[in-house]
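Student: I have a model open and want to go through it piece by piece. Can we start with the charged pairs?
Tutor: Fine, here it is.

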Amino acid sequence: MGNSDYHTPRGVAVPPPKPFCWAVRTALKETFFPDDPFRQFKNQPPSRKFVLGLQYLMPILEWAPRYTFQSFKSDLVAGITIASLAVPQGISYANLASLPPIVGLYSSFVPPLIYAMFGSSRDVAVGTIAVASLLLTSMIGGVVNPYENPKLYFQLAVTATFFSGVLQTALGLLRLGFIVDFLSHATIVGFMGGAATIVCLQQLKGMLGLVHFTRGTDMVSVLKSVFTQVHQWRWESAVLGCLFLFFLLLTRYFSKRKPAFFWINAMAPLMSVILGSILVYLTHAEKHGVQVIGHLKKGLNPPSLSDLAFGSPYLVTAIKTGAVTGIIALAVRPDHLSNHHTLIRQLVGRESTITRWIYEEEDRVKSCGEANLHYVILDMSAVGSIDTSGMSMLDEVKKDLDKRGLKLVLANPGSEVMKKLDKTEFIQNIGQEWIYLTVGEAVGACNFMLHTCKRTPPTLSMPPAVELTAQDNV
């Protein structure tokens, strides 16, 4: 390259001071309205605003008219696969919470039905979790014995669930979900590890056929309850439990070796329930120490409003239980990710925030009389890894940019990120030529494309691209 092509690099200017009120307003907007939900209502007639409002509250009204038969077939297969896991999982969680099994079944299919109408994410897991069940039996079981007074225990559990829903609804309406970000990641990971250990130890009650078991959730109490009742261990129950545990681990192993047989691992929990039920029925195993669920009432359960125990002397305990389980459920829902995983969720998981930044940049360049945006450069230098949900949201960002006629460019993705991008075929989707080692190379390539591919190349003062970094959203 000759000297005539050399341009003196620009210096980095010190940003001018901003007024205090402007800084506060910007911070509040970024905190409470990162997706700028009112932008879509600008310059719209009243009838259109009404439709957009309904679609914002119930996203099903937006995507249902565009729903295709091909999507229905895929969703049907996915629904059957998830149901095969949700049925035994719901029963297990109900048993862990010392509640009737029918409650676990309702918690498995009712929340997804509601979320399908009011939810906007395709990847979030909806329903109860083991940690919430464990907290429920630990906190409420500490004041009311679920076996001596099952009716009051059930009423307090319903009341705690009600207050948990009220808390989460309030956080959503007031847009206070960012409060969960202040929970220590190390604390959540440690809590999840300890809870997983306790959950595994709690299963020894059923596997060993123990009738009387501790209501404590600490490891010492559980192990003491197990080994002080060695004379009551039932080998029939232990053999049956170990056989199906081996079956689940075996199907998981083969599914990893042969990804084409992933459905075997997905169907294994339901197959275990069916085979176990047939085996217990044919051998009358309940007469030999194997615990069974028992009779399940037919039909739909009556509304549980009458079970809300607002006048109970243990109402404060129910409120505390609901608040704790509600916050913990929000905190541990992101699939127990590492810090790097959480980072990419904060970056790409807030797709609407990125979209808003692009809107604002387009408004800025239009007001200045500059050329429109052509490229969006995403700086991935601070992202160490990315999970499946992060990849899905990254793909949604690309689709949204494609609709707007913008090109997504990645800069400095790490080795682990590149492996995930290649495995999910995102590299083929975006194009290998749109991934660069540094932001400088990405900007240079975008400028080169603008100068060589456009009939009227922009001047150097015109911004051809907007750069987004991982740090922008942390």
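Student: Which residue forms a salt bridge with K399?
Tutor: D395 is the partner of K399, and their closest N and O atoms are 3.5 Å apart. Keep in mind that this is a predicted model.

Student: Where do K399 and D395 sit relative to each other?
Tutor: Both are in helix α16, four residues apart, so about one helical turn separates them. K399 is partly exposed, at 41% relative accessible area.

Student: How many salt bridges are there in total?
Tutor: The count is four. Another one joins the side chains of D402 and K398, with 2.7 Å from N to O. That pair is also four residues apart in helix α16, which again puts about one helical turn between D402 and K398.

Student: K398: buried or exposed?
Tutor: Buried, because its relative accessible area is 7% and the cut-off for buried is under 20%. Its partner D402 is partly exposed, at 38%.

Student: And what does E416 pair with?
Tutor: E416 forms a salt bridge with K419, the closest N and O atoms being 3.5 Å apart. These two are three residues apart in helix α17, so they too are separated by about one helical turn. E416 is partly exposed at 37% relative accessible area, whereas K419 is exposed at 52%.

Student: Why would such side chains pair at all?
Tutor: Side chains of opposite charge can pair when their charged atoms come close.

Student: Let's change topic. Which residues touch the most other members of the largest nonpolar core?
Tutor: L408, V409, L410, L421 and F426, out of 33 residues in that core. Several elements give two or more residues to this core, including α15 (351-367), β1 (375-379), α16 (388-403) and β2 (407-411). The largest contribution is from α19, with five residues.

Student: What does V409 touch?
Tutor: Leaving out residues up to four places away in sequence, V409 touches Y375, V376, I377, L378, W434, Y436, A442 and C446.

Student: Which residues are in the second core?
Tutor: That separate core has 15 residues, among them I129, A130, A132 and L134.

Student: Now the membrane part. Which residues does the record annotate as "transmembrane region"?
Tutor: The unreviewed UniProt entry gives that annotation to residues 76-96, 102-118, 125-147, 153-174, 186-213, 233-250 and 262-282.

Student: How much helix is there in 125-147?
Tutor: The span is 43% helix and 0% strand, and its end C-alpha atoms lie 31 Å apart. For residues 153-174 the end C-alpha atoms are likewise 31 Å apart, but that span is 95% helix, with 0% strand.

Student: Q155 caught my eye. Where is it, and is it buried or exposed?
Tutor: Q155 is in helix α7 (residues 150-173). With a relative accessible area of 17%, Q155 is buried. Setting aside neighbours within four places in sequence, Q155 is in contact with D307 and A309.

Student: And I274?
Tutor: I274 belongs to helix α12 (residues 262-283). I274 counts as partly exposed, at 44% relative accessibility.

Student: How far is the C-alpha of I274 from that of P88?
Tutor: The two C-alpha atoms are separated by 9.9 Å, although I274 and P88 are 186 residues apart along the chain.

Student: What about the surface? Which residues make the nonpolar patch?
Tutor: W63, Y67, F69, F72, L76 and I80 make a patch of about 610 Å². Its largest share, four residues, comes from helix α4 (residues 69-96). W63 lies in helix α3 (residues 60-63), and W63 is partly exposed at 34% relative accessible area.

Student: Last, the whole chain. How many helices and strands?
Tutor: There are 19 helices and four strands. Of the 474 residues, 34% are buried. The accessible surface is about 29,000 Å², and carbon and sulfur atoms account for 65% of that.

Student: What share of contacts joins residues at least 24 apart?
Tutor: It is 73%, taken among contacts between residues at least 6 apart in sequence.

Definitions and conventions. Residues are numbered from 1 along each chain as its sequence is written. This is a predicted model: local features need pLDDT of at least 70, side-chain atom pairs count only at pLDDT 80 or more; totals for chains, interfaces and linings use all residues. Side-chain values use heavy atoms; hydrogens and water are left out. UniProt positions are given in the numbering used here, feature names are shortened, and annotations may be inferred rather than shown by experiment. Patches are made of residues with over 30% relative accessible area and no salt bridge: like charges are joined within 9 Å, nonpolar side chains (Val, Leu, Ile, Met, Phe, Trp, Tyr) within 5 Å. Accessible areas come from the Shrake-Rupley method with a 1.4 Å probe; for residues, only the protein chains shown count as cover. Buried means under 20% relative accessible area, exposed over 50%, partly exposed in between (1.4 Å probe, protein chains only). A nonpolar core is a set of buried Ala, Val, Leu, Ile, Met, Phe, Trp, Tyr and Cys residues joined through side-chain atoms within 4.5 Å. Contact means heavy atoms within 4.5 Å.
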